[in-house]
Amino acid sequence: MSASPPILRGGFRPFFLGGALWAVIALVLWLGVLAGQITIPTTFDALAWHRHEMLFGFVGAVIAGFLLTAIPNWTGRLPIAGAPLASLFGLWLAGRMAMLFSATLGPVVAAVVDTGFYFVLAGVAAREVIEANNRNVPIVGLLLLFGIANALDHLAAAGILADPTLPWRLAVALVTLMISLIGGRIVPSFTRNWLAKCGVTQGLPGQPNRFDLVAIGLSALGLIAWIAGPSGWLPGTLLAVAAAAQAIRLARWKGWKAVRDPLVLVLHVGYLWIPIGLTLLSASQFGQWVIQSAAVHALTAGAMGTMILAVMTRATLGHTGRELRAGPTTQVIYLLVTAGAAMRVAASLGALDYRMGMEVAGFCWLGSFVLFIFNYGPILFAPRLGEKS
C-alpha cells in the first residue's frame, strides 16, 4: 500500500474529495439551470438529474469512501488501495460523466456505467465482509438496494417505471437507515470516549441495545409505508412513532454533555435531523400545511449533508494521524452546512421568502463543501503523519 501515492492509500481519500468536489459542481450546475443560464446535456430532466446526482453521485461517493475505510476495521483484512481503488474511483467518476453527457452517449450507456459502480462496490464489500464472517452484512445489503434504486431511477427517466418518484424515495429511505445504523454506533461511542477522556465516569451513553433496534425497525416500517402506499393516516402514524423513537434514542446519547467538542457535537446535530425529518414527513401525510419537500430536505440537506461532513472531517483527521480537533475552519464548515439545511427547510415551510431562502441555503451549503475541499484536500493528498510519501 505504501508504494501507492497517498491519495490511493485509503478509500476515504479519493471518494471523500471526489464526493465533495461533485457536490459543489453539481450544485453550481443546478443553480445555473434555475437561473436559466445553462442547459445540462443529459437525458434526465433537470430536476431529476439534480436529485440523481446529489443522491447517487455525491452521497454515493461518500458512502463508498466510508465503507472502504470501515470494512478493514470491521474485518481485519487489508484495505482496498492502489490500482484497485483507482479503478473503483474511476468507475464512479465515469458514471458522473456518463450522466452529465447522457444526451450524447445515450441513456443505456449512462445507465450501465452509472449503475455498474454500485454493483461492483457491493460485490467488493460483500466479499470482504462474508469472508471475514462479519456482522455487517445488512449494511452491504442496504448498499445493494441503493444500487437497485439507482437502476430504477434510470428506468423512471426512460418512462418505463410507473411511479417516477419511487427510486429517489427509496434512496432517501435507504440512506436514512444507513445513518441510523452506523450513526447509532459511532455517535454514542465517540461521545462516550470523549467524556471518558475528560474524566467523566458516570452518566455515559450506553451501548446499543434492544431499544435501538426497535427505533431502527420503526423507522424502516414508517419509511416503507411512505414509499409503498398513498399518503394517509397509516404512514403518517408510523412515521410519527418512528420520529419519537429516534428523538428518544438521540437524547439517550447525552449530546449536551459534549457541547465543548465540535467534532462530537456535530454528530448529534446531524443525527437530530432524522427525527426532525421523520416528523415533517409524518405531518406531510395528513394534509397540505407541511409539504413533502421540507421533510425530504431535512433528511437530505440536513441529516445526510451534516453527517457526511461530520464523518469526512473526523475520519480524514483520524486516519491521517492528525489531532482530532475541529479548528476554526472546520467549525465554520459545520455552521454553514447546518445553516444551509435550516434555510432550505424553512423556505419549503414558507417561513421565509422561498427564492431568497433557496439562494442563501445553496450558498451556505456550497460554502461548507468548498471549505472542506480547501482545508482537507491537501491532507487527503498528503501521506499519513510519520509515513513516507
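Where is the place of Asn133? Asn133 sits in the loop between α5 (107-131) and α6 (137-157), with helices being DSSP runs (H or I, at least four residues) numbered from the N terminus. Before going further, please keep in mind that this is a predicted model, in which local features need pLDDT of at least 70, side-chain atom pairs count only at pLDDT 80 or more, and totals for chains, interfaces and linings use all residues. Residues are numbered from 1 along each chain as its sequence is written, and side-chain values use heavy atoms, with hydrogens and water left out.

Let us stay with that loop for a moment. Phi of Asn133 is near 55°, a positive value in a residue other than glycine. Asn133 is also exposed, with a relative accessible area of 71%; here buried means under 20% relative accessible area, exposed over 50%, and partly exposed in between (1.4 Å probe, protein chains only).

Now look at the two helices on either side of the loop. Two packed helices are described by the angle between their axes and the distance between the axes. The axes of α5 and α6 cross at roughly 170° and come within 9 Å, where axes are lines fitted to C-alpha atoms, for helices over the stretch in contact, and angles run from 0 to 180 degrees between N-to-C directions. This makes α5 roughly antiparallel to α6 (angles under 35 degrees count as roughly parallel, over 145 as roughly antiparallel, 65 to 115 as roughly perpendicular and the rest as oblique). Among the residues that meet here are Ala110, Tyr118 and Phe119 in α5, and Leu143, Phe146 and His154 in α6; contact means heavy atoms within 4.5 Å. The residues of this contact divide into 16 nonpolar, 4 polar and 1 charged, with Ala, Val, Leu, Ile, Met, Phe, Trp, Tyr, Cys and Pro counted as nonpolar, Asp, Glu, Lys and Arg as charged, and the others, Gly among them, as polar.

Next, find α3 (residues 82-100), which packs against α2 (residues 46-75) at an angle of about 175°, with their axes 11 Å apart. That makes α2 roughly antiparallel to α3. By class, this contact has 9 nonpolar, 2 polar and 2 charged residues. In α2 the participants include Trp49, Glu53 and Phe56, while Leu85, Trp92 and Met99 are among those in α3.

Helix α1 (residues 12-34) meets α3 as well: their axes come within 11 Å and cross at roughly 10°. These two helices are therefore roughly parallel to each other. The contact of α1 with α3 holds 10 nonpolar, 2 polar and 1 charged residues. Pro14, Phe15 and Trp22 are among the α1 residues, and they are part of a set that meets α3 residues including Leu88, Phe89 and Trp92.

What is Glu53 in contact with, leaving aside its neighbours within four places in sequence? The partners of Glu53 are Trp22, Ala26, Phe58, Arg96 and Met99. Glu53 belongs to helix α2 and is buried, with a relative accessible area of 0%.

Ala48 is also in helix α2, and is buried at a relative accessible area of 13%. Ala48 and Ala156 are 108 residues apart in sequence, yet 9.5 Å apart in space, C-alpha to C-alpha. Ser4, in the segment before α1, gives another such pair: Ser4 and Ala83 are 79 residues apart in sequence and 8.1 Å apart in space, C-alpha to C-alpha. Ser4 counts as buried at 14% relative accessibility, and touches Arg9 and Gly82, not counting residues up to four places away in sequence.

Moving along the chain, Lys254 lies in the loop between α9 (233-251) and α10. Lys254 has a positive phi of about 55° although it is not a glycine, and is partly exposed, with a relative accessible area of 22%.

At the start of α10, a side-chain oxygen of Asp261 reaches to within 3.1 Å of the backbone nitrogen of Leu263. Helix α10 (residues 262-284) reaches 32 Å from its first C-alpha to its last, close to the 33 Å expected for 23 residues at 1.5 Å a residue; the expected span is 1.5 Å times one less than the number of residues. Of those 23 residues 17 are buried, so α10 is largely enclosed by the rest of the structure.

Finally, 24 of the 28 residues of α11 are buried, so this helix too is largely enclosed by the rest of the structure. After α11 comes Gly321, whose phi is positive, near 80°.

Key. A polar contact is a pair of N or O atoms within 3.5 Å; within protein, one must be able to donate a hydrogen and the other to accept it, and residues adjacent in sequence count only if both atoms are side-chain atoms.
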